[in-house]
Amino acid sequence: MLPDNLHKIDPEEAIQRVRALLSIDDMLEEEELAVRDVVRAFVADNVLPDIDKHFEDKTFPLDVGRRLGSELGLFGCALPDEHCGTGASYTAYGVANQELEYGGSGWRSLLSVQSGLVMYPIHAYGSEEQRATWLPRLHTGEAIGCFGLTEPGSGSDPGSMRTTLRRNGDHYLLNGAKAWITNGTVADVAVVWAKDDEGKVRGVLIEKGTPGFTATDEAHKFSLRASITSNLAFDDVVVHEDQILPRRSGLGAPLGCLNQARYGIAWGAVGSARYTFEAALRYTLERVQFGAPLAAFQIQQEKLAWMFSEITKAQLLALRLGRLKEQGKIHHAHVSLGKRNNVWMARECARKAREMLGAYGISGEYPVWRHMADLESVYTYEGTHDVHALIMGQAITGISAFRASS
Ligand SMILES: Cc1cc2nc3c(=O)[nH]c(=O)nc-3n(C[C@H](O)[C@H](O)[C@H](O)COP(=O)(O)OP(=O)(O)OC[C@H]3O[C@@H](n4cnc5c(N)ncnc54)[C@H](O)[C@@H]3O)c2cc1C
């Protein structure tokens, strides 16, 4: 016989207890805890109440999204740049990603793209004029940016891109297409990667409304629905020298941006996992079957124990990456390790939670399904799970396994 008190465990008290057990507060600085609290409150008030509706309707509330910049100062906050940096540590930025992705991966995607993929290249590779023009507006969210690297025929292998930037007298012409571009239709500025006459990859800044540039939204999407995903097309778009990012060329330039965004994802995934873990805990404590809450059965406890273990390990890994980044010691293999492990972990947590919720696991009432569906995109974008294994494999062995041997 199961004791009566098994029926009386308050799920909310249990969640508070588990949050305390998972806490790494003593390893965070005061400023980092303050960022966490502000973003957590923002998510509770502005994200969680309607994200499921946005997911169902395939919309994103961009006006609310801009407040990550105008009110919270998060866009580009950790960049050491006078035009946008707030002096926030990389760990504080990571914690913000974690709190946002507790709400949903689409929200964290907005922060990642704006900060890591748009502001970072302008900061690191842009001219002083480009930085002064764009970074303050991107920081406040007055301007939104997008990053165009992927093409219909070129994903994991961006070196095979076909978009070109050809000299034409005193200017250049940009031609080609980009696919799966977050915020493409709403962006005021697109950071677009193209090959020049010498075959070198260059970054160019293309403003919304430029003749020859069109953006359309991806119509059939069952993941990251509360996020804007677009296709970009360039048809003889006139590009002037001052639109080209002057300080770096080659494939390493866009890959450098991806490392910034992947770092945020390593943190963000922990937030998603915390959400689905708490949903599974709440449900199994409330749901009575065979005369007892599901949480009283060993098979369910094993799943909760797995999630608890993996979340603990993943957040320690994210924190380790933050501290390495602050010390200037982070290697791209570390970033791949964090992105690969933590997104895999979050995806497994979401799948286990979905299973544990039975039929309710596929319902919008308990938004575990939304996290599970979104994580399919996160698992694929910013370097797939496989690609990160290859990056780490190369760092470990010194041998590149990216190309099939003949
Ligand atoms: C919602 C969403 C938002 C996105 N946002 C952006 C954005 O803002 N900007 C942008 O530029 N891109 C964006 N992307 C694109 C994303 O980065 C690509 O989807 C990703 O790089 C993978 O490319 P692919 O989809 O073409 O897959 P492919 O490269 O075709 O890969 C297919 C499969 O093959 C595997 N594979 C590939 N190469 C190898 C190899 N050498 N060895 C073994 N296996 C391999 C992969 O792991 C994968 O499983 C987004 C994607 C999604 C889904």
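In this predicted model, the shell around the ligand draws at least two residues from each of four elements: the strands β1 (145-148) and β3 (171-182), and the helices α12 (368-380) and α13 (385-397). The shell comprises 21 residues, and Leu149, Gly155, Ser156, Thr384 and Asp386 are the closest to the ligand. By residue class, 10 members of the shell are nonpolar, nine are polar and two are charged. Where, then, does the ligand lie with respect to the domains? Residues of the shell come from both domain 2 (145-243) and domain 3 (252-397), so the ligand lies between these two domains.

A look at the rest of the chain helps to place this site. The protein is divided into three domains, with domain 1 spanning residues 9-140, domain 2 residues 145-243 and domain 3 residues 252-397. Between the C-alpha centres of domain 1 and domain 2 there is a distance of 25 Å. Contact between these two domains involves 20 residues of domain 1 and 16 residues of domain 2. On the side of domain 1 that touches domain 2, two or more residues come from each of α3 (51-57), α7 (105-125) and α8 (128-140). Helix α7 gives the most to this side, contributing nine residues. The residues that domain 1 brings to the contact with domain 2 divide into 11 nonpolar, seven polar and two charged.

Helix α7 also has a partner in α6 (residues 90-103), and the two pack with their axes 6 Å apart, at an angle of about 145°. Which residues meet in this pairing? From α6 come Ala96, Asn97, Leu100, Glu101 and Gly103, and they meet Ser105, Trp107, Arg108 and Leu111 of α7. In terms of class, the contact of α6 with α7 is made up of four nonpolar, three polar and two charged residues.

Another helix named above, α8, holds threonine 140. Is this residue buried, exposed or partly exposed? Threonine 140 has 17 other C-beta atoms within 10 Å; a residue counts as buried at 20 or more and as exposed at 12 or fewer, so threonine 140 is partly exposed. Leaving aside residues up to four places away in sequence, threonine 140 touches Gly69 and Ser70. Threonine 214 is 74 residues from threonine 140 along the chain, and the C-alpha atoms of the two are separated by 25 Å.

Technical notes
Residues are numbered from 1 along each chain as its sequence is written. This is a predicted model: local features need pLDDT of at least 70, side-chain atom pairs count only at pLDDT 80 or more; totals for chains, interfaces and linings use all residues. A residue is near a molecule or strand if its C-beta atom, placed from the backbone, lies within 6 Å of it. Ala, Val, Leu, Ile, Met, Phe, Trp, Tyr, Cys and Pro count as nonpolar, Asp, Glu, Lys and Arg as charged, and the others, Gly among them, as polar. Domain bounds come from an automatic or database domain assignment. Two residues are in contact if their C-beta atoms, placed from the backbone, lie within 7 Å. Axes are lines fitted to C-alpha atoms, for helices over the stretch in contact, and angles run from 0 to 180 degrees between N-to-C directions.
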